[in-house]
Amino acid sequence: MTAELNLSPERDSARLAAIQAEFAEGFKLLHGLPKAFTVFGSARTPEGSPHYKAGVEVGRLGHEAGYAVITGGGPGAMEAANRGCRLAGGKSVGLGITLEWEQKINQYVNIEMTFRYFFARKMMLVKHSQGFVVLPGGLGTLDELFEVATLVQCMKTGAWPIVLVGGEYWDGLKDWLKNTVLEAGYIDLKDLNMLQVVDDAEAAVDAIANGGRRILSGV
Ligand SMILES: C/C(=C\CNc1ncnc2c1ncn2[C@@H]1O[C@H](COP(=O)(O)O)[C@@H](O)[C@H]1O)CO
């Protein structure tokens with residue numbers, strides 16, 4: 001059993017060194033990055049779809065508002081946000097992940113790193129970020145949304161805005177959180193309220209900028 005799971009102390013030492021090296025490389029890559037926000041969203045968003053167009057706009061407007069834009073560096077909504085930012089002349093960060101199938105960082109990234117460990121990558125997606133824009137997505141997007149919501153709830157990161165783009169997609173989730181989770185007493189109203197649903201890219205970037213200003217001024 002131990003051999004099958006590769007749990008030897010030697011293997012664990014090598015693993016620890018690889019994890020440490022990955023964090024060190026990530027810290028170095030993003031050291032000195034100006035203010036930034038992170039965009040999460042489906043790897044499967046089709047090019048040209050309304051969700052993709054919203055991603056491009058978020059990237060473009062984010063750059064125009066003075067932000068670097070960080071994504072998971074993949075296709076779909078990540079590519080869209082990197083595309084909008086890069087084509088507008090911005091700092092477009094892609095933090096990719098090594099997967100079983102070959103996958104390259106999208107072509108609109110100009111600051112990049114590919115991670116082996118999801119958890120190291122996830123930390124770097126959060127560490128330099130002053131807000132999170134969540135475009136429609138599946139399991140990966142939901143995982144990232146609830147990770148950042150938990151970090152904000154537990155004050156492990158600043159109370160940065162978390163903005164969900166597309167009421168038609170997210171209202172059902174927010175209703176469930178309100179009618180079931182809040183009702184059961186498993187979250188507070190302030191936890192629910194930290195998830196802001198907006199309908200377009202402009203409102204999303206405004207919410208990030210306003211939330212950032214509020215936090216940085218200590219209000
Ligand atoms: C699943 C497919 C490709 C996977 N490629 C990914 N590349 C980079 N980042 C990814 C990838 N898949 C998930 N992520 C992360 O999760 C979010 C998207 O997940 P979802 O399940 O597609 O919503 C995204 O924000 C990434 O950080 C081929 O379809």
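Reader: How do the residues of the shell around the ligand divide into nonpolar, polar and charged?

Author: In this predicted model, the shell comprises six nonpolar, 11 polar and two charged residues. Glycine is counted as polar in this division, and among the closest residues to the ligand are Gly72, Gly74, Gly137 and Gly140.

Reader: What makes a residue part of the group that surrounds the ligand, and how many residues are there?

Author: The C-beta atom, placed from the backbone, must lie within 6 Å of the molecule. The group that surrounds the ligand has 19 residues, and Thr141 is also one of the closest. Helix α6 (139-153) and strand β3 (92-97) each supply at least two residues of the shell. The most comes from α6, which gives four residues.

Reader: Why is strand β5 described as largely enclosed by the rest of the structure?

Author: A residue is buried if 20 or more other C-beta atoms lie within 10 Å of its own. In β5 (residues 129-134), six of the six residues are buried, and the strand is therefore largely enclosed by the rest of the structure.

Reader: How do you know that β5 and strand β1 pair, and in which sense, parallel or antiparallel?

Author: Pairing requires at least two bridges between the strands. Strand β1 (residues 36-40) and β5 have four bridges, in the parallel sense, so the requirement is met. Within this pair, Ser129 of β5 stands opposite Ala36. Strand β6 (residues 162-165) also pairs with β5 in the parallel sense, over three bridges. There, Phe132 has Ile162 of β6 as its bridge partner.

Reader: What describes the packing of helix α3 and helix α4?

Author: Two packed helices are described by the angle between their axes and the distance between the axes. For α3 (residues 50-64) and α4 (residues 77-87), the angle is about 35° and the axes are 6 Å apart. The crossing of α3 and α4 is right-handed. Residues that make the contact include Tyr52, Val56 and Arg60 of α3 and Ala77, Ala81 and Cys85 of α4. By class, the contact has seven nonpolar, seven polar and three charged residues.

Reader: Why is Met155 called exposed?

Author: The term applies to a residue with 12 or fewer other C-beta atoms within 10 Å of its own. Met155 has 8 and is therefore exposed. The residue is placed in the loop between α6 and β6.

Reader: What sets the phi of Met155 apart?

Author: Most residues other than glycine have a negative phi. Met155 is not a glycine, yet its phi is positive, at about 55°.

Definitions and conventions:
Residues numbered from 1 in each chain as written. Predicted model: local features only at pLDDT ≥ 70, side-chain atom pairs only at ≥ 80, totals over all residues. Axes fitted to C-alpha atoms, helices over the stretch in contact; angles between N-to-C directions. Left-handed = near helix turned anticlockwise from the far one by under 90°. Contact = placed C-beta atoms within 7 Å.
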